[in-house]
Amino acid sequence: MSFQDKVIYQIYPKSFYDSNGDGIGDLRGIIQKIPYIAKLNIDMIWFNPFFVSPQNDNGYDIADYYKVDPTFGTMADFEELAAKLKEHHISIMLDMVLNHTSTAHEWFQKALAGDKKYQAFYYIRDPKPNGDLPTNWESKFGGPAWAKFGNTGKYYLHLYDPTQADLDWHNPEVRQELFKVINFWQAKGVQGFRFDVINVTGKETKLVDAPANVASKTLYTDTPIVQDYLKEMNRASFGKDPDAITVGEMSSTSIPNSVQYTLPANHELTMVFTFHHLKVDYANGEKWTKTPFDFMKLKQILTEWQLGMAKGGGWNALFWNNHDQPRAINRFGDPVHYRAKSAEMLATTMHLLRGTPYIYMGEEIGMSDPDYQSMNDYVDIECKNAYKELLAAGKTPAEAFEIVKTKSRDNSRTPMQWDSSEYAGFSKHKPWLMPTNQAEVNVADELAHGEIFTYYQKLISLRKTQPIISVGDFKPLLETDRQVFAYLRKYKDQTLVVLNNFYGETTSVQLPDSLIKRQDKLLISNYAARINFTSKIELKPYQSVAFLLN
């Protein structure tokens, strides 16, 4: 098998299963749930960070890259987890947060203590002559991207939380130290690496103000030097393992750049996460807004990326959900009236595209956003800051709360719902983040009576047995249809026809005669009723269907 026919499952350790009753998920909890994970027949698990961290950004503020945070367990627990997953032929992908460290990291603390070597690890700058901050850059979490560097009169750069200090990748010693981290985990048998916000490492040596009406992120995102950094990292670490699988989280990237990041001949990354398709419910490009998703824009973006990446020889990571996104079923489906069917439709849409599919924990049972009633229910620093900014911009508390409710990262971080008990079978203690709808959606009920989990098993099996899915070309179909996202996959003499109804109303599609004249086989449908491959096909609410033509 190659990365093309693999399926990757994402686990947010803090929210998967609590084995010791402290309300926080841990590695031993994951070990206990391996039989469940193995039922899906996935190939690799991407784990969000479980390294030593103050947890100001839920583990993405790392204080020690080499140690397991005691909250999650021990290195012995990790080694046991790796060994037991290997028995099920499941490999591990770790999250490498290499753009920044926690300010609690030894490097930053040495820099604060006056060590010039470690001061050169970070972007530490003098204020402007008039006393203003070094640049006018904004943090992605709100507010300025600069914080005081102790009592030195200088400032350090933090593109995210003030406790996440950006590393200066221009310094070769920084890069060498980070490559050592990758090699350390590779030596423990890790074969996959996901690189957090890796394309914002390409800042200039001289940092300047963003011009008026220009977002500061354009000055440091996706710059050419990122390609050089990735090539060097590949040579120095994971590139030595021919079976390594890597994915870069690429903020505000482009198709040409993503082709270059993933072109095998460039020896950079295996695939990239891009987010354009998850911004189609951003009013005027702004995340903290509440608006229905733009279906035609969604179709256009998915189609452009499929065609562009294939033409250039690049490779997509396919996903709807992750730890930073609200649940897709709330954004693009109907968790109230058509929970199972819309969950299955979204899965079909993504899994039958060209690329490597990722499943975020709970997606396979149709988990949805929590129904919180107060800002006190949320934990995520980004949404708390956004709420304050929305109020400052003139929104009423009710309006600001409704926006946060649709976009908060906590929507996907609620505990995995194992059963219908008070704490969803996740813990015997009140969890760090509360579930709300476990009575309706949980693993026990899904495995006993549901259909979504079984449907995911079918999709995963198809990718492993049908080369047209893993390596076939992509071609759009019915591009002007305002309700159905349809496409073709082509491989040798075969054609796969995929039809996905994105709405809760029945609709009909007219297919080209050139397709109808061929021998057909129904590969998958999320409705039991028989459906014939004819020139006119009726699709029920949120129906997905795929026919293989020979």
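How many salt bridges does a search of the whole structure find? The search turns up 28 of them, and a few appear in the close-ups below. Keep in mind as you look that this is a predicted model.

**Close-up 1. The largest pocket and the residues around its centre.** Start with the big opening: the largest pocket has a volume of about 1500 Å³. It is lined by 47 residues, and the ones closest to its centre are K140, K217, K287, W288 and E382. Two helices to pick out here are α9 (295-312) and α12 (381-392), each giving at least two residues to the lining. Helix α12 gives the most, with five residues. Sorted by class, the lining holds 16 nonpolar, 15 polar and 16 charged residues.

**Close-up 2. E382 and K287, a charged pair at the largest pocket.** Stay with two of the residues closest to the centre of that pocket, K287 and E382. They form a salt bridge, with their closest N and O atoms 3.1 Å apart. E382 sits in helix α12 while K287 is in the loop between β13 (271-273) and α9, so this contact ties together parts of the chain that are 95 residues apart in sequence. Are these two side chains buried or exposed? E382 has a relative accessible area of 10%, so it is buried. K287 comes in at 17%, so it counts as buried too. The pair also belongs to a network of salt bridges that links D57, K287, D324, D380, E382, R409 and R413.

**Close-up 3. The second largest pocket.** This one has a volume of about 560 Å³. Its lining is made of 20 residues, and N330, R331, P335, D369 and T406 lie nearest its centre. Helices α10 (328-332) and α13 (397-407) are the elements that give two or more residues to this lining. The largest share, four residues, comes from α13. By class, you'll find five nonpolar, seven polar and eight charged residues here.

**Close-up 4. Strand β17 between two antiparallel partners.** Now for some strands. β17 (residues 484-491) is mostly covered, with six of its eight residues buried. With β16 (residues 473-477), β17 runs antiparallel, and five bridges join the two. One place to spot the pairing is F474, whose bridge partner in β17 is R489. The hairpin of β16 and β17 has six residues between the strands, and L478 takes a positive phi near 55 degrees. β17 also pairs with β18 (residues 494-501), again in the antiparallel sense, over eight bridges. Here Y491 has Q494 of β18 as its bridge partner. The β17-β18 hairpin has two residues between its strands, and K492 in the turn has a positive phi of about 55 degrees.

**Close-up 5. R28 and E80, a salt bridge between two helices.** The closest N and O atoms of R28 and E80 are 3.0 Å apart in this salt bridge. R28 belongs to helix α1 (residues 27-32) and E80 to helix α3 (residues 75-87), so to speak distant parts of the chain, 52 residues apart. R28 is partly exposed, at 30% relative accessibility. E80 is partly exposed as well, with a relative accessible area of 25%.

**Close-up 6. R194 and D95, a salt bridge between two strands.** The side chains of R194 and D95 meet at 2.9 Å, N to O. This contact links strand β11 (residues 192-195), home of R194, with strand β5 (residues 91-96), home of D95, across 99 residues of the chain. Both R194 and D95 are buried.

How values were computed: Residues numbered from 1 in each chain as written. Predicted model: local features only at pLDDT ≥ 70, side-chain atom pairs only at ≥ 80, totals over all residues. Heavy atoms only, no water. 1 Å grid on protein atoms, 1.4 Å probe; cavity = no way out; pocket = protein on both sides within 12 Å on 5 of 7 lines; lining within 4 Å. Points joined across faces, edges and corners; volume = space filled by probe spheres on them. Nonpolar A, V, L, I, M, F, W, Y, C, P; charged D, E, K, R; others polar. Buried < 20%, exposed > 50% of the residue type's maximum accessible area, 1.4 Å probe, protein only. Pairing = 2+ DSSP bridges. Salt bridge = Lys/Arg side-chain N within 4 Å of Asp/Glu carboxyl O.
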